[in-house]
Amino acid sequence: MNVGYYPGCALHGSSNDYEQSLRACLETLGLKLKEVNGWICCGATAAHSLNNKLSMALPARNLALAEQDGFKQVFAPCPLCSMQLLKVREAIADEDVRRELSQVVEADISGKTEILNLIQIFQNVGLDHLKAAVKNSLSSITAACYYGCLLLRPPKIVQFDDSEQPTSMEALLSVLGAETVDWSYKTECCGAGMTMASEETVLSLAYKILNNASEHGATSVVVACPMCHINLDMKQAAVERRYGKKFNMTVYYLSDLVGLALGLSAKQLGIDRHFVTER
Amino acid sequence: MSNLSVPNAKTTPENPHLLPGTLPKGIHNPNHRDDSNAAQVALIETLSKTKTANCYKCGKCTAGCPVSEHMEIGPSQIIRLLQLGNVDKALRSSSIWQCVSCLTCSSRCPKEVDCAAIMDALREVSLLQDKVNPQAQQIVTFQRAFLDNIRRNGRLNELDLIARFKSTVALRTREFSFLFKDASLAPQLRRLKKLHLSQPRSKDLSVVDRIFARCTEIEK
Amino acid sequence: MSRIGIFVCGCGENIARTVDVELVAKRAGELPGVACAVAYKYMCSDPGQGMIREKIASERLDGIVVASCSPHMHLKTFRKAAQANGLNPYLVEMANIREQCSWVHSDREDATQKAIELIRMSVAKVRNNKALKTIRVPVTRRALVIGGGVAGIQAALDIADAGHEVVLVERAPSIGGKMAGLSETFPTLDCSQCILTPRMVEVGQHPRIKLYSYSEVEAVDGFIGNFKIKIRKKARFVDMDKCTGCGDCWNSCPLKKNPSEFDYSMGNRTAIYIPFPQAVPARPVIDKNQCNRTKKGKGCGICAKNCKSGAINYDDQDTIVEEDVGAIVVATGFGLYDISKAQDKAAQSGYGEYGYGKYKDVIDSLQFERLVSASGPTGGVLKRPSDGVTPKNVVFISCVGSRDNAKGVPYCSKICCMYTAKHTMLYKHKIHDGQAHVFYMDIRSGGKGYDEFVRRAIEEDGAKYYRGRVSKITQESGHLMVRGADTLAGTTVMIEADLVVLATAMQPAAGVEQLAQKLHVGYDQYGFLLESHPKLRPVETNVAGVFVAGAAQSPKDIPESVAQASAAASKVQILLASDHVTREPEVATIAEQTCAACYACAHACPYNAIEHAEVRTPRGVFVKNTARVNPVICMGCGTCVSVCPSKSADLQGFAEQQIYAMLESLI
């Protein structure tokens with residue numbers, strides 16, 4: 001089945017291990033990803049921080065391109081991309097806004113395309129279906145499910161799960177046989193795009209997240225966002241140095257764990273390309 | 001005219017009670033009608049599509065903000081400044097640049113004030129009116145370099161961004177060690193195949209350029 | 001009507017300054033059918049009224065028009081004056097030449113002319129007035145009180161002490177409501193049960209109070225003075241006549257792990273239970289969903305074996321009883337907003353950030369009351385729910401769910417500031433080395449001695465108050481961390497708490513909307529019952545004969561609930577003072593000959609005053625169906641008149657013919 005695919009800049013950049021992981025995993029589930037033709041950056045943090053109009057125009061352009069490609073659904077694995085697409089989609093319900101944006105981006109937008117995040121992709125496959133397809137139960141995994149910010153906020157726009165005590169990832173992992181911990185930092189920000197711009201901020205936030213996960217007995221953290229992965233995985237060594245505490249916390253993409261459960265190898269999923277090696 | 005921000009006032013014969021280097025609180029006098037302040041507030045409210053009058057200063061945004069403990073002025077105080085008409089102090093604050101746009105504030109606000117959007121609006125106007133806090137230069141440089149990169153390539157070219165960002169900062173601050181910070185990560189990035197020496201650009205770059213032009217034009 | 005009298009009032013300068021009253025009287029006297037027309041300075045005064053009475057007699061008037069102020073002011077006065085001299089009071093009309101003329105115009109000529117026109121219209125109207133009689137309705141001199149909390153108890157006692165029988169219906173096994181579960185009350189720190197239980201006993205023993213506990217109102221029929229109530233007595237499985245309340249049954253019941261409703265799940269109870277020792281009636285019930293014998297037919301039967309009075313009856317069924325009453329008081333009280341789950345009505349619901357339901361040591365205010373109450377599950381020794389440790393740092397959070405437009409309710413719950421201060425004091429009095437922390441937005445302490453009470457909590461009992469909301473409660477290093485703000489100092493505040501108490505929003509008791517539907521009483525979007533007028537008629541509803549008291553109407557504390565209860569009782573006593581009640585006759589009628597029985601009027605009537613009826617010959621032969629107005633319930637709004645397609649519905653005193661006559665007189 002064809003699903004429109006909007007990778008976003010991160011997945012084609014330093015987070016291409018995420019792309020490897022989800023491509024391998026989704027292919028096993030029979031999902032073929034077709035990239036949206038001519039997609040451009042969604043604007044990320046820079047656009048909404050510096051230019052409100054641009055922060056609406058860039059995602060709008062991508063919505064229009066997806067419609068031109070005839071996709072009913074578009075999968076955006078990066079929550080910043082998916083949230084911005086949803087934000088514009090909601091805004092164009094106002095006809096004046098829709099008309100103006102269509103003009104700015106030189107393409108007519110209708111907003112009919114559904115936007116899906118990684119968890120929703122798996123939910124659409126069906127938890128029962130996934131359970132039946134499990135080859136290796138993930139019984140050695142004790143994970144802290146980390147949702148981050150933009151999968152769940154703003155709740156009125158993304159309308160996904162509960163923005164304070166989410167459970168969708170835990171539900172998914174439990175059918176795969178993994179154990180999940182109930183911890184307090186599921187939705188606390190990791191510092192997102194500040195990795196380069198303000199490293200200190202990211203280190204202090206990442207520390208709190210890793211620490212709380214560890215305190216609650218987790219040996220790994222599961223994410224569904226490329227920025228969260230970078231801040232918790234690539235920066236883990238820096239966090240450990242700064243705060244003098246070892247975590248050795250494996251940071252999985254959600255698709256890593258689904259893929260492993262379905263019988264794929266760590267190499268196929270690109271898990272060997274993480275900074276923190278698997279335990 | 002509310003005279004709340006008087007940076008770096010020195011002791012003079014006229015004001016012998018001031019301590020050098022302090023930022024005095026000043027007196028807020030709402031009897032003085034200042035239309036320019038009202039216009040500034042209106043600008044922020046239009047950009048953020050939210051009413052500052054709705055805020056009843058409960059502080060829940062400050063309490064939930066993951067970086068508020070590092071801020072000089074918390075988010076609820078930023079909004080209070082807008083309520084008082086002192087947009088300038090908000091525009092010149094470092095807080096708006098420390099914000100990580102996690103949207104916790106807006107999601108929890110009991111009065112549905114979109115605090116995160118106000119932060120965005122303050123950032124945009126601060127740049128337009130050239131009131132960016134000196135402490136935030138590095139962050140602003142990064143964001144500008146990012147947007148520049150998108151304009152030229154349609155999608156982000158990471159190496160290009162890193163190179164330009166680091167060199168701009170190093171040149172400005174004259175701290176050339178900044179160029180080599182994180183350089184130790186490079187071999188690892190290479191090994192993990194995360195370093196791309198070249199990246200495909202998106203097609204239709206002229207559209208991207210025109211979109212940018214329209215959005216920057218509208219601004220002015 | 002041929003001998004109409006016109007009385008033009010100058011109202012001092014109010015009318016006379018702008019309207020030439022002498023001229024008006026002269027012109028009015030020239031109208032056909034008018035026997036006399038006089039002007040006077042103050043028509044409502046004694047001499048003025050005397051003038052009316054004198055003229056009625058001397059001129060043999062058969063109808064009068066008083067041209068003066070608004071009928072809202074003095075219609076009753078002039079009707080009484082007319083009645084005093086044998087003229088039917090409904091043959092009196094008023095022309096408003098003050099509020100609708102002299103007070104809104106400045107040109108003397110125009111105003112005078114208008115006054116004449118207004119009188120001409122009133123004359124046209126009064127010519128067609130009928131000599132109506134006030135409606136007399138017999139009254140059943142008994143009252144129903146729904147809800148046995150402190151408001152219901154007070155109302156019941158007041159009405160019963162006044163000499164009328166009261167039927168008191170309470171759905172819990174015992175009366176006492178929320179107040180019975182409180183530890184101490186503000187601002188006196190009286191033991192709540194100690195001040196309430198004497199009242200409860202009085203209710204239980206009062207010769208004129210018929211108490212139906214563990215019962216609910218099933219249906220309400222009828223109208224003011226004549227309500228027919230069906231009450232469902234839920235199956236108790238215990239024979240109230242045989243049971244002595246000895247306790248052998250609940251002491252021997254093996255099912256001990258059921259969360260207690262009275263303790264708000266802070267403690268457990270058995271399947272056969274009495275909610276608390278001072279319950280009235282002091283007789284147990286079996287929770288039919290927990291006892292195997294009542295639920296499945298096969299159980300241990302231990303309670304029956306131990307009962308020396310043979311009072312256990314496993315085959316008990318719900319029974320419906322009927323009671324006739326003349327007045328109803330609704331005092332169903334409140335419940336706390338449950339923040340652990342999604343609400344139907346909130347925009348964005350659930351307060352997951354506080355972790356209520358996730359962390360055992362995050363509780364709400366009623367649960368805290370039970371933990372510190374001497375009759376509570378821990379005997380008044382404060383232990384935190386998770387591990388029984390004595391909490392040394394307790395954080396109290398105000399406004400949880402209240403004053404929240406996004407998720408929650410936008411109104412203020414009124415009592416939380418006061419009871420939170422009380423909680424800090426109860427806590428300090430028990431745990432001398434403990435520290436109470438309170439996060440607040442404002443302090444609402446407007447009652448007598450209230451502000452001083454809050455200051456005492458801070459100044460004498462050392463409670464720390466932080467002005468700001470709490471954003472999130474997390475669990476770190478094994479402690480609950482409360483993350484809030486202090487906006488006065490401009491800082492974030494992080495407190496390591498052993499126990500967190502949430503002051504959650506007050507909302508009307510569950511099920512109140514279904515009850516209101518049965519009574520046809522209005523309620524707002526939160527379920528609070530609607531009073532007739534928020535300032536001047538706080539305990540009446542728009543349904544005649546139904547009154548409201550206590551937290552069912554809006555959030556309030558105990559003194560206000562008691563005051564409202566006595567107020568409602570006094571309204572009931574007015575109603576029950578005589579064996580009949582009179583109603584104004586300006587109500588709708590249906591001409592049954594022309595009525596097509598389409599019942600559009602019945603559908604449109606906002607007061608449910610129109611019935612389906614039959615027309616029969618004197619011998620009982622069916623002729624036709626018709627709509628019929630119950631004149632006692634009808635409020636004379638005229639909606640039926642406007643929807644009736646056959647023009648069969650009309651309003652007495654405001655008949656269509658009269659309105660047309662008034663309009664024609666102007667042309």
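In the predicted model, the side chain of C:Asn129 reaches the backbone oxygen of C:Tyr90 at 2.9 Å, and a second polar contact, of 2.5 Å, joins the side chain of C:Asn129 to that of C:Gln658. The residue that makes these contacts lies in a loop of chain C, namely the one between helix H5 (residues 108-126) and strand S5 (residues 135-138). Although placed in a loop, C:Asn129 has a relative accessible area of 11%, and because the limit for a buried residue is set at under 20%, C:Asn129 is counted as buried. When neighbours within four places in sequence are left aside, the residues in contact with C:Asn129 are C:Met1, C:Tyr90, C:Leu91, C:Val92, C:Glu93 and C:Gln658. Both polar partners, C:Tyr90 and C:Gln658, therefore appear in this list of contacts, within the cut-off of 4.5 Å between heavy atoms.

Helix H5, which precedes the loop of C:Asn129, also takes part in the packing of helix H1 of chain C. Within helix H1, which spans residues 21-29, the buried residues include C:Val21, C:Val24, C:Ala25 and C:Ala28. Viewed down the axis of the helix, the buried residues of H1(C) fall within an arc of 100 degrees, so they line one face of the helix. That buried set packs against strand S1 (residues 4-9), strand S2 (residues 34-40) and H5 of chain C. The face of H1(C) turned away from the buried side carries C:Glu22 and C:Lys26, both of which are exposed.

Several backbone features of the model call for separate description. Most peptide bonds are trans, and most residues other than glycine have a negative phi. In chain C, however, the peptide bond from C:Phe186 to C:Pro187 is cis, with omega near -5 degrees, and C:Pro187 is found in the loop between strand S8 (residues 184-185) and strand S9 (residues 190-191). In chain A, a cis peptide bond joins A:Arg153 and A:Pro154, where omega is about -10 degrees; A:Pro154 has its place in the loop between strand S5 (residues 142-145) and helix H9 (residues 155-158) of that chain.

A positive phi of about 55 degrees is found at C:Ala597, although this residue is not a glycine, and a positive phi of about 55 degrees is likewise found at C:Asn608, which is not a glycine either. C:Ala597 is located in the loop between strand S31 (residues 588-590) and helix H16 (residues 600-604) of chain C, whereas C:Asn608 is located in the loop between H16 and strand S32 (residues 610-616). With a relative accessibility of 47%, C:Asn608 counts as partly exposed, because this class lies between the limits of 20% and 50%.

Another loop of chain C, between helix H17 (residues 639-643) and strand S34 (residues 649-651), holds C:Cys644. The relative accessible area of C:Cys644 is 15%, and the residue is therefore buried. The C-alpha atoms of C:Cys644 and C:Ala510 are separated by 39 Å, and the two residues stand 134 residues apart along the chain.

Taken as a whole, chain C has 18 helices and 34 strands, and its C-alpha atoms fill a box of roughly 95 × 75 × 45 Å along the principal axes. Of its 667 residues, 53% are buried, and among contacts between residues at least 6 apart in sequence, 69% join residues at least 24 apart. The area exposed by chain C is about 29,200 Å², of which carbon and sulfur atoms supply 50%. The chain has 79 positive and 70 negative side chains, and the centres of these two sets lie 4 Å apart.

Chain B, by contrast in its secondary structure, has 12 helices and zero strands, and its pattern along the sequence is accordingly one of α elements. Buried residues account for 48% of the 220 residues of chain B. Of the contacts in chain B with a separation of 6 or more, 60% are accounted for by residues 24 or more positions apart. The area exposed by chain B is about 11,600 Å², and carbon and sulfur atoms supply 55% of it.

Note on methods: Residues numbered from 1 in each chain as written. Chains lettered and ligands numbered in written order. Predicted model: local features only at pLDDT ≥ 70, side-chain atom pairs only at ≥ 80, totals over all residues. Heavy atoms only, no water. Helix = DSSP H or I, 4+ residues; strand = E, 2+ residues; numbered from the N terminus. Buried < 20%, exposed > 50% of the residue type's maximum accessible area, 1.4 Å probe, protein only. Areas by Shrake-Rupley, 256 points an atom, 1.4 Å probe, with all protein chains shown as cover. Lys, Arg positive; Asp, Glu negative; His and termini not counted. Charge placed at Lys NZ, Arg CZ, Asp CG, Glu CD. Polar contact = N/O pair within 3.5 Å; in protein donor to acceptor, adjacent residues only side chain to side chain. Arc of directions from axis to C-beta.
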